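Thank you all for making time this morning. I would like to take you through a few local features of one structure, beginning with how its helices pack and then moving on to its sheets and some single residues.

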Amino acid sequence: MKGLIYLLFVATISLAQQPLVAQIDLTYYLPQDVTYDPNIPTPKSIIGHEVGEWHITHDKLVNYMRAVAAASDRITIEETGTTHEGRPQLLLTVTSPENHRNINTIRTNHVWLTYPNESDKRDVKKMPSVLYMGFSVHGNEPSGANASLAVIYYMAAAQGVFIEEALRNSVVLLDPSFNPDGLTRFSTWANMHKSKNINPDPNDREYREVWPGGRTNHYWFDLNRDWLPLQQPESQNRIVKFHEWKPNILTDHHEMGTNSTFFFQPGVPSRTHPLTPEKNQELTEQIGTFHAAALDDMGSLYYTKEGYDDFYYGKGSTFPDINGGIGILFEQASSRGHAQESANGILSFPFTIRNQFTAALSTWKAAVEMREELLTYQRDFYKGVLREADGDDVKAYVFKAEKDPVRTFHLAEILNRQEIDFYRPSRRIRTGGEEYTPDNSYIIPLKQRNYKIVKAMFEKRTSFEDSLFYDISGWTYPLAFNMEYSEMSGRDYSRNQLGDKVEELNFPQGTLMGGQSEYAYVFEWHGYYAPRAANRLLSKGVRLKTATQKFKAFEDDDEREFDYGTILVPVTNQSLSATEIYRQMQTIAREDGIDVYAMPTGLTSGVSLGSNSFANLQKPEVALVVESGSSYDAGEIWHLLDTRMQMRVTKLPSTRLGSSAIDRYNTIIMTGGASLSESGLANLKRWVQNGGTIIGTTGAVRWLASNKFSDLKFTSPERPDASEIPYDQISNFQRAQFIPGGVFMSQLELSHPMAFGYYRTELPSFRRGNTMVQPSGNLFSNPGRYTDTPLLSGFISKENLEAIKGTSTIRVSAMGRGRIVSLVDNPNFRAFWYGTNKLMMNGIFFGRIVNGSAAR
């Protein structure tokens with residue numbers, strides 16, 4: 001492919017004064033050394049304006065993509081799914097007409113390269129490379145999605161021998177908007193504030209979008225952290241096509257601060273995850289030479305190997321690295337509107353688009369010219385993983401959640417979406433102090449083609465080459481799900497322990513034991529969806545109680561113990577009839593995955609069902625404070641309550657906390673502080689004193705203490721010696737004192753209402769940040785605290801590690817008849833931290849029943 005001329009892919013226009021938006025047309029972006037097919041519609045002919053004149057709205061983006069696909073025999077288009085807000089997710093396939101006629105064969109042959117026992121049967125010299133282009137996963141980083149208009153037009157319309165050759169030797173998968181809902185939110189903001197006379201003043205409202213901004217999806221999730229956990233529909237839809245094709249290169253087009261220039265990978269070499277092969281970084285650097293040449297030709301400033309890393313596999317530019325491909329991150333300085341003053345002069349929106357367009361074409365050039373090398377690397381990668389698996393001391397992972405099969409199911413869902421092979425055990429397995437059965441467990445052999453994904457999800461890592469991380473440093477999935485799990489060595493594991501391979505997952509339904517009762521029903525709080533079940537009943541006016549003591553009852557002549565937090569549903573004197581309550585119990589067993597027990601009598605041992613040890617539950621009326629604090633944290637709570645627990649939650653602007661509007665709620669959740677006047681603070685305290693519950697997470701914990709809602713005391717680590725740190729390293733040294741995000745072991749006091757539903761004292765928690773709360777002097781006032789050896793996975797400085805030992809993770813404070821629940825860490829992190837979600841739900845359902853003596 002040496003005959004591919006560089007000018008095919010990049011504009012030869014020299015960098016002049018960036019044009020005002022009103023002056024641009026399509027020629028500003030396109031190479032002028034080729035001709036263009038007049039039968040291909042230009043973006044303007046469909047969307048009604050030039051690329052970069054306005055911020056593209058998602059509906060117009062979709063219209064153009066469909067129009068160009070209809071006009072070109074080089075392009076097919078499909079809808080891969082829809083977003084939370086019902087917007088279509090598109091994927092365009094660009095290749096030669098001949099390749100389109102054989103596209104299924106091409107895809108099948110390409111994927112066979114990922115099967116080590118079959119890959120040598122394929123001749124990479126005759127195969128096209130596969131390039132996946134993805135734009136604007138952050139909706140308020142719009143230059144990528146806007147550039148996709150020019151990219152797809154170029155690929156459809158450009159004419160010439162070299163274009164035909166490129167189309168024959170590559171398959172391009174193009175997703176014009178990774179985040180349609182966020183793009184819509186931001187484009188609306190930018191366009192509604194655009195002036196006829198473009199004002200680049202950074203103080204203009206155009207450049208200062210309101211909370212939560214357009215970065216995230218509908219529930220305020222960062223989709224560029226969801227490639228591995230796959231908790232959002234946009235990610236779940238996208239990953240299907242990724243695994244169907246296993247692309248050689250995936251590009252991820254982003255934006256960064258306005259005063260920056262342009263970044264392309266590789267990132268900081270010492271911050272590459274050890275599971276990523278060195279060859280991957282060599283190829284990334286080689287591809288980078290194509291970007292450098294293209295940007296040099298334009299006169300655009302850029303940098304590489306700084307600032308960004310290749311560590312967390314939940315990012316789009318890093319996830320391909322454990323899938324035999326090369327992930328490429330592009331970061332363009334953002335105009336955040338139509339034109340903005342910057343340290344490098346006025347930065348216009350069209351200029352940001354042109355840089356992204358140029359990088360897209362330089363990647364296409366690299367994918368074609370490096371075709372054989374990329375395909376060979378992919379084949380060798382998958383052969384190599386089997387050798388690595390043979391040399392790994394761990395041969396398999398086995399996991400369960402004995403009293404909560406729903407959590408086991410949801411972890412298995414991720415394995416299934418990531419095309420990981422896993423099985424039911426063929427027999428009982430005893431290892432690591434646990435017993436795993438075919439009914440309650442799954443086993444994952446490491447010797448499989450997706451070995452790297454399995455390791456990325458399940459390994460615990462506590463040693464690192466570098467102490468700085470762009471994102472989190474630890475995310476071990478069985479710990480995040482609070483699983484009982486074991487690493488099986490060669491002594492423990494053999495292939496004959498593998499039973500049936502899991503091909504289809506079914507939600508684990510519960511059982512209604514004992515049929516219809518005329519007296520009462522009980523169900524334990526262990527189940528992940530027990531809060532959903534309780535809310536289902538409370539919403540229908542059914543009175544519920546919860547057990548603050550354990551009790552025993554007979555089941556088929558066997559005595560069964562029911563744990564703290566067990567829910568009691570009396571049948572008599574309810575708003576529903578006995579038959580209607582029975583039907584509700586059937587629904588709970590079927591849809592919430594919970595075992596329900598019919599109780600024929602209240603005469604139980606330990607405490608009887610009529611005992612005062614059963615506390616009355618109140619239907620939660622929840623307000624989630626928004627427009628202050630972390631939108632990520634708030635979105636995770638909204639998503640948890642709305643989509644999983646099916647509970648209504650009011651998103652309450654923080655300014656309303658000082659008004660009587662809060663009197664309609666009994667629970668307020670805060671993720672940060674709020675700017676309240678003295679009268680506003682007094683109003684909020686009045687509400688608490690009258691019986692309200694505030695749940696504060698992460699940043700709200702300090703705010704609540706500083707404003708005298710709680711009496712928590714904080715501790716800090718010893719300051720490390722910086723006397724020998726050189727000037728150019730002091731910033732990195734200071735950043736290394738921050739806990740970037742990892743897994744730490746906490747210990748629960750199981751009889752405390754905040755720990756109801758947990759059946760083991762150990763609870764792995766996600767921690768990010770340096771807020772450390774001194775423990776109370778009383779055991780009963782410390783429902784959760786870190787152990788003396790807390791680090792499980794991730795990075796933490798030795799000073800922080802020493803300081804965190806024994807500090808509180810959960811505290812409950814009393815104020816009059818109300819309670820302040822302080823959750824020091826985020827229990828809902830990125831929606832995949834299933835293991836600690838129950839802490840949030842316990843605060844909502846049980847915070848108000850915490851004994852005042854323990855709320856200190």
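Before the first pair of helices, a word on terms: an axis here is a line fitted to C-alpha atoms, for helices over the stretch in contact, and angles run from 0 to 180 degrees between N-to-C directions. Helices (H or I, at least four residues) and strands (E, at least two) are DSSP runs, numbered from the N terminus. Please keep in mind that this is a predicted model, in which local features need pLDDT of at least 70 and side-chain atom pairs count only at pLDDT 80 or more, while totals for chains, interfaces and linings use all residues. Residues are numbered from 1 along each chain as its sequence is written, and side-chain values use heavy atoms, with hydrogens and water left out.

With that settled, helix α2, residues 58-71, packs against α5 at an angle of about 10°, and their axes lie 11 Å apart. The two helices are therefore roughly parallel to each other, a label given to angles under 35 degrees, whereas over 145 counts as roughly antiparallel, 65 to 115 as roughly perpendicular and the rest as oblique. On the α2 side the contact, meaning heavy atoms within 4.5 Å, is made by L61, Y64, M65 and V68, and on the α5 side by A145, S148, L149, I152, Y153 and A156. By class, this contact has nine nonpolar residues, one polar residue and no charged residues, where Ala, Val, Leu, Ile, Met, Phe, Trp, Tyr, Cys and Pro count as nonpolar, Asp, Glu, Lys and Arg as charged, and the others, Gly among them, as polar.

Let me turn to the sheets, for which two strands are said to pair if DSSP finds at least two bridges between them. One open sheet has seven strands in the order β2-β3-β6-β4-β7-β9-β8, with mixed pairing. Its edge strands, each pairing on one side only, are β2 (75-82) and β8, and the twist averages 20° from one strand to the next. Within this part of the model, strand β3 (residues 88-94) and strand β6 (residues 170-175) pair in the antiparallel sense over three bridges, and T93 stands opposite L173 in β6.

A further open sheet is formed by nine strands in the order β28-β27-β29-β30-β35-β34-β33-β31-β32, again with mixed pairing. Here the edge strands are β28 (649-653) and β32 (762-767), and the twist averages 25° from one strand to the next. Helix α19, residues 699-706, packs on this sheet and touches β29 (667-670), β30 and β35 (818-823), its direction making about 125° with that of β30.

Which residues does T693, in strand β30 (residues 693-697), touch? Leaving aside residues up to four places away in sequence, its contacts are N666, T667, I668, W687, R819, V821, G843, G847 and R848. T693 is buried, with a relative accessible area of 0%; buried means under 20%, exposed over 50% and partly exposed in between, with a 1.4 Å probe and protein chains only.

Finally, some backbone details in loops. S136, although not a glycine, has a positive phi of about 55°, and at 0% relative accessibility S136 is buried. E419 is likewise not a glycine and has a positive phi of about 60°, but at 31% relative accessibility E419 counts as partly exposed. A cis peptide bond joins W211 and P212, with omega about 5°.
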